[in-house]
Amino acid sequence: MDTTTDRYIESSETVTAAVTAFRDGDPVLVHDFTDREGETDIIYPARAIDADAIARLRNDAGGLICTAVSDTVATTLELPFLEDVIEHPTTADHDLGYDSRSSFSLPVNHRETFTGITDDDRAQTIHRLGTVAEAADAGEYTAEDFAAEFRTPGHVNILRGAPKLLTDRRGHTELGLALADAADCAPAVVVCEMLDDATGNATAPTDAQTYAEKNDIVFIDGAAVVTELG
């Protein structure tokens, strides 16, 4: 039996299932790499986010809820890397150990939200970011439009995807955006790390898989995404 071929077919089918889920607006669980963060994120298309999705991310994941946008969108909206615009010595020598730099950009709230942190407020901000990303990608939305609609600081952290996605970087930001691109979704995704209540550490991949099976969610390894979509 050619186990290499069997593994490839399994990976291909799983990626197809993940892309289909994204196209349908459903979340996907993505484990990156054991030699990187070694974390599993729940990832949604940004435009599929509602208050119930935010509640799931808070309760079932527990990490930081962020919205990743493509490099093209970030450039069009003039969204900087956060470390490039903060004039403070804490930004020096930013060696993460597993990566060369952070993908964090500005934290924002939609101007029509109140505090910005409630499930409804964050859902409003994120859902609108998805719509804005699609318009910006098409050249139909500007940095001036963005400033009129969003304010910073806020409660939704924006992440900048690498220009060539998985060719340049293999973080959850790029893994999620690659799935969105393959699914013909807007170039904006929501990522949130799954944490273990008992240990406080990242949820073990086997436990994340169990959660995925229990909740009928696709679980996929980052390596499969890179193989199929990189």
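**A sheet, a helix pair and a core**

Trainee: Which residue stands opposite Ile43 in E6?

Mentor: This is a predicted model, where local features need pLDDT of at least 70, side-chain atom pairs count only at pLDDT 80 or more, and totals for chains, interfaces and linings use all residues. Residues are numbered from 1 along each chain as its sequence is written, and side-chain values use heavy atoms, leaving out hydrogens and water. Strands (E, at least two residues) and helices (H or I, at least four) are DSSP runs, numbered from the N terminus. Opposite Ile43, in E6, you'll find Val191.

Trainee: Which strands stand at the edges of the sheet?

Mentor: Follow the order of this open sheet: E4-E5-E3-E6-E2-E1-E7. Strands pair if DSSP finds at least two bridges between them. Two strands have a single partner each, so one side of each lacks a neighbour in the sheet: E4 and E7.

Trainee: How are H2 and H5 placed, roughly parallel or roughly perpendicular?

Mentor: Their axes (lines fitted to C-alpha atoms, for helices over the stretch in contact) come within 8 Å and cross at roughly 110°. Angles run from 0 to 180 degrees between N-to-C directions; under 35 is roughly parallel, over 145 roughly antiparallel, 65 to 115 roughly perpendicular and the rest oblique. So H2 and H5 are roughly perpendicular.

Trainee: Which helix gives the most to the largest nonpolar core?

Mentor: That core has 38 residues. Its members are buried (under 20% relative accessible area, 1.4 Å probe, protein chains only) Ala, Val, Leu, Ile, Met, Phe, Trp, Tyr and Cys residues joined through side-chain atoms within 4.5 Å. With seven residues, the top giver is H5.

Technical notes:
Buried means under 20% relative accessible area, exposed over 50%, partly exposed in between (1.4 Å probe, protein chains only).
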